[in-house]
Amino acid sequence: MNLVLGLSMTSSSVRWVLVEGTTGEGATLDRGSLPVDHDDAFDADTLLSALLAKAGDRRVHAIGLTWTGSAETTASAIWQALTDRRVENVIAVSDVEAAEALTCGIADIAGYDRVVVCVVEPGAAVVAAVTPDGVIADRVDAAALADVDGLNPDAVFVVGSGDLDAVVAALEQRIAAPVVTAADADLALARGAALASASAVSILDAEAAPKRQLSPTSKLAAVLAAAVVTFVVSLSVALGMTLSPGGEAPRMARAEAPVPEAAPAPPVKAPSPVKAAPKEPKPAAPRPTPP
C-alpha cells in the first residue's frame, strides 16, 4: 500500500496528513501539528524521520508542500531535509495556488458563477474568487477577509487553522450568501497539498517521465488544472462539505473540530545553515538514486 504525505507550514506551526493510496483520497493514517518557535532551531530532519517512520515499509508515492509567505524559512528547512534524503516526487504549491485551485474547482462542481474562498492562517490570509470575469487570488490583510461583498459571491468557503469563527461571524453580518466551514478545516492546506501532489505525480508517471529527484515546481503548473477535480472533491469530503452541481451550499455553523494531537517536540540539535527560501523553492541538482 502506497502513501501520500501533505505538509502545510505557517508562521506558528507545521501541520500534516499522511493518507493511504496514491491519490491523496485514502484513509488517514496519521495527522497532527507541531508548533514552530522561531526562537529555537526548527529540526526538520527529526520531524521527517518521525513521519516517514510511520510509513514503515510502504512507499511514499508523493509529498506535497504548501506554506504561507511568513513560513518560507520553515519551508526551506523541510525542502532541504527532503533533498538531503534524496526523496522523490515532492511537489511544492503555494497557499495562493492552492486557494485558486480550490476555488475554481468548487465553482465548477457546484455550478456557481461566483465563489469566494477565504484561507485563514495565523499571521496570513488568502482570498480567492471566481467571477464571470475570471479568477483572482492574493494574500490579504486579515481585516480584509470579510470585505468580499463587492464580489457578490453565491457562497463563501472559510478554511484554515486561524480564527475561523471570527471570520465566519463577520461574513454572516455582511453578506446574504451562505458561509461554509466545517470540522478539520485547519488541515485544509495540508490535505490540499497531499491531493495536488498525488495527482501531479500520477500524471507525470502516466506520461512515462524519467526517474527523477525532487519534482520542479514549474512542472506543477502543467498538471494542476487536471488535478483540480480530484483536489476539490476529496477536500470537500475531508471537510464535511456537500457539493453537488447546481445545488446550494448549506449554511453551516462551524463544527467542533477534533484537535489534532500535537507531535512531541523533537530534541533540539545544532541547526544546519539554511538559506532563506525563494518564493518558490528550487530543487537541488539531480543525484543518482542509491540502489
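Q: Which residues touch the most other members of the largest nonpolar core?
A: This is a predicted model. Its largest nonpolar core holds 40 residues. Those that touch the most other members are Cys 118, Val 156, Val 158 and Leu 171.

Q: Which element supplies the largest share of this core?
A: Several elements supply at least two residues each, among them S6, strand S7 (124-131), S9, H4 and helix H5 (188-206). Helix H3 (95-110) is also on that list. The largest share is seven residues, and the element behind it is H3.

Q: Which residues of the second, separate core can be named?
A: This core is separate from the one that H3 supplies with seven residues. It has 28 residues. They include Val 36, Leu 47, Leu 65 and Ala 81.

Q: Which strands stand at the edges of the open sheet, and why is one side of each left without a neighbour?
A: The sheet has five strands with mixed pairing, in the order S8-S7-S6-S9-S10. Each edge strand has a single partner strand, so one side lacks a neighbour in the sheet. The edge strands are S8 (134-139) and S10 (179-180).

Q: Which residue in S9 stands opposite Val 117?
A: Strand S6 (residues 115-121) pairs with strand S9 (residues 155-160). The pairing is parallel and runs over six bridges. Opposite Val 117 in S9 stands Phe 157.

Q: At about what angle to S9 does helix H4 run?
A: Helix H4 covers residues 164-174. It lies across S6, S9 and S10. Val 158 touches Leu 164, Val 167, Val 168 and Leu 171, among others. The angle between H4 and S9 is about 165 degrees.

How values were computed: Residues are numbered from 1 along each chain as its sequence is written. This is a predicted model: local features need pLDDT of at least 70, side-chain atom pairs count only at pLDDT 80 or more; totals for chains, interfaces and linings use all residues. Side-chain values use heavy atoms; hydrogens and water are left out. Two strands pair if DSSP finds at least two bridges between them. Helices (H or I, at least four residues) and strands (E, at least two) are DSSP runs, numbered from the N terminus. Contact means heavy atoms within 4.5 Å. Axes are lines fitted to C-alpha atoms, for helices over the stretch in contact, and angles run from 0 to 180 degrees between N-to-C directions. A nonpolar core is a set of buried Ala, Val, Leu, Ile, Met, Phe, Trp, Tyr and Cys residues joined through side-chain atoms within 4.5 Å. Buried means under 20% relative accessible area, exposed over 50%, partly exposed in between (1.4 Å probe, protein chains only). Lists of a residue's contacts leave out its neighbours within four places in sequence.
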